Amino acid sequence: MHTPTDSLYWIEAQDFSLSNFARQEGKTADISMIEDAVLASQGRLVTRFQQPGQFLEYAFREDRDGLWPYQVWLRYASPCPGTRLPITLNGHPVDASLLPASGDFHTKFRWEKVAMIEVAKGNHALRMTIETGVIHPDVLVLTPTDEPITSGACERKILDGAATIEVAVSREHTSVDRLWMEIERNGVPLGGLGTGKVELCQDGGLANASINNNQDAPMTTLPGSFFVAREVDASGNATVRLLEKGRSPLPEIKNLTYHGCYPFAEVRYEDTALQTQLTLEAFSPMVPYNVPDSTVPAACFRFKAHNPGLSALTLTLGFSWENLIGCGGVGLKPEYGPGAAIRVEGKNYWVWNDRTGNNQETCQTDQGTGLRFVSSPCAYDSSAGEYVVLCAHDKAVRTAVTTSYNVEADIAALLEDLRWMAASVPETLLQTPGEEGTRHPAGIVWADVTLAPGDTQAVTFVLAWHFPHARDRFGEDGGVQYTQRFPDATSVADYVLRERERLAAHEASTTKSAPLSKRTVPAARSSTSNSSFSRRTFCAAMWL
């Protein structure tokens, strides 16, 4: 039972988890108990709150005579622009707030006034029931005025607050790590047969990765994996854009048009702030009747940039890849390993995360320059391996790397730095290897081209991976076919760059006649859930 401090009720997320949920089985199973939590927001504990019918309820007491007004403020994180939380006080409807998005689940929290209530002396119960959307509530505040919120006092209390809070729960632990959160995004899967895949989605982003031998438990959300462009005009003015939608308030591209025709995906980017006309063609080697070239663990990304103006431009393209070595999963509970795997909430598959020791190092071959992603030994060796990202050695292209940055803390600052470092890129933002839960490393390979008036230049990146141990739930290692041909990810990347023209030309002659999806993603949209583009379509196309 909560009582006020300095006329303000301060309700932590752990209060929800410990005391005020309800669980009903059988006929009322739509109301469920949510005990699982994730660590976020400067190490504080927040609750995942996702299924319609789930509710948060807490009790509080007013000891003063009379009728007292309170504003109800909620601090939360959510990427959904329309989460609706109907609110009741002592069983009576109060409000049905439609909450705006904060940006993402882990680092972008915001305060929102969700209701106005009046309470008399005595005990009271306030309940929030989720109707639509997804939300991670953190702190609930009842206050007579908005001054503690608008002055920043409540936010300072959080930022200056205690260390991480851990909650012991009686039920089986389940994972709500962002890597495994359900999302409504899909696109052309990139990756050879039997090697896993990562999808280039219709919003321009990368998602649904199963390249760590985790085909039964794909990693859906990859905020450290993206493409970014910086254009510098003749006056030295820099414009920076993430080449995808749905990452607001980060500087994202205004519009894009997506054309999917497996194994190709084509994207045309449009933004009035950019003079450069920019397109992307992505593909993986997939050659009919040629097993070796159809089982290459790699994806190729070919950008074309055209300057239609009357003055020269400098364009810098960056390919950021998150180091996910040590993250993986299987379809059923594994019967081997250290016992660290946990079930994904609402799913049957089991996963593990161990980014401790992950790091990147520079890499150069005859065909390209970039980064090699490495790690310390992994407890589950099916997710032990390496990635390589290279930029092709083309005559007009200058390359550089940002060796490491922290996905959980550095993305916004990195993009801001790009605006002011118009002649260079950051060398590194993270000096130490990864640590699970706090430091999740990623690296960026950069390509820089000068575009004279009327000029067109091409920039090619390749992502390659090499994870040699494909174990089932009992620990039996079936291996992967590509290890018989390639000893490591560097040799894979080098091969794809060397043979890219032959591979792309052969595929184009046999597969690009039947488009599977064409979609324009405008500046304002709610989701991609209504897309006609489906993984089922791809499965049929892959085996025809």
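Here is a trainee and a mentor talking through a predicted model.

Trainee: Before we start, what kind of model is this, and how are residues numbered?
Mentor: It's a predicted model, where local features need pLDDT of at least 70, side-chain atom pairs count only at pLDDT 80 or more, and totals for chains, interfaces and linings use all residues. Side-chain values use heavy atoms, with hydrogens and water left out, and residues are numbered from 1 along each chain as its sequence is written.

Trainee: Okay, in which order do the four strands of the open sheet run?
Mentor: Strands here are DSSP runs of E with at least two residues, helices are runs of H or I with at least four, and both are numbered from the N terminus. Two strands pair if DSSP finds at least two bridges between them. In this open sheet the pairing is antiparallel, and the order is E10-E11-E12-E13.

Trainee: Which strands sit at the edges of that sheet?
Mentor: Look for strands that pair on one side only. That picks out strand E10 (187-190) and strand E13 (219-221).

Trainee: And which residue in E13 stands opposite Ala-209?
Mentor: Strand E12 (residues 206-209) runs antiparallel to E13, and two bridges join them. Opposite Ala-209 in E13 you'll find Met-219.

Trainee: Staying around there, is Asp-203 buried or exposed, and which backbone nitrogen does its side chain approach?
Mentor: Asp-203 is in the loop between strand E11 (198-201) and E12. Buried means under 20% relative accessible area, exposed over 50%, and partly exposed in between, using a 1.4 Å probe and protein chains only. Asp-203 counts as buried because its relative accessibility is 4%. A polar atom of its side chain lies 3.0 Å from the backbone nitrogen of Gly-205.

Trainee: What is the phi of Asn-213?
Mentor: Asn-213 is in the loop between E12 and E13, and with a relative accessible area of 10% it is buried. It isn't a glycine, yet its phi is positive, at about 55°.

Trainee: Which other residue should I check for a positive phi, in the loop between E18 and helix H4 (291-294)?
Mentor: Phi is near 65° there, in a residue other than glycine. At 86% relative accessibility, the residue counts as exposed. The one you want is Tyr-289.

Trainee: How many residues of strand E18 are buried?
Mentor: Strand E18 covers residues 277-283 and is mostly covered. The count of buried residues is five of its seven.

Trainee: What does E18 pair with, and how many residues lie between E17 and E18?
Mentor: On E18, seven bridges lead to strand E19 (residues 298-306), antiparallel, and Glu-281 has Arg-302 in E19 as its bridge partner. Strand E17 (residues 264-270) is also antiparallel to E18, through six bridges, with Ala-265 opposite Ala-282. E17 and E18 form a hairpin, and the number of residues between them is six.

Trainee: Where is the cis peptide bond?
Mentor: Check the loop between strand E16 (255-261) and E17, which holds Pro-263. With omega near 5°, the cis bond runs from Tyr-262 to Pro-263.

Trainee: How many disulfides are there?
Mentor: A disulfide is a pair of cysteine sulfur atoms within 2.5 Å. Cys-261 is buried at 3% relative accessibility, and Cys-391 is buried at 0%. By the sulfur distance rule, the number of disulfides is zero.

Trainee: Which helix gives the most to the largest nonpolar core?
Mentor: A nonpolar core is a set of buried Ala, Val, Leu, Ile, Met, Phe, Trp, Tyr and Cys residues joined through side-chain atoms within 4.5 Å. The largest has 82 residues, and Phe-301, Phe-303, Trp-321, Tyr-387 and Phe-461 touch the most other members. With eight residues, the top helix contributor is H6 (residues 489-511).

Trainee: What does Ala-400 touch, leaving out residues up to four places away in sequence?
Mentor: Ala-400 is in strand E27 and is partly exposed, with a relative accessible area of 30%. Contact means heavy atoms within 4.5 Å. On that basis its partners are Val-425, Ile-444, Val-445 and Trp-446.

Trainee: Last one: which side chain makes a polar contact with the side chain of Glu-408?
Mentor: Glu-408 is in the loop between strand E27 (398-406) and helix H5 (411-420), and it counts as buried at 18% relative accessibility. A polar contact is a pair of N or O atoms within 3.5 Å; within protein, one must be able to donate a hydrogen and the other to accept it, and residues adjacent in sequence count only if both atoms are side-chain atoms. At 2.8 Å, the partner is His-440.
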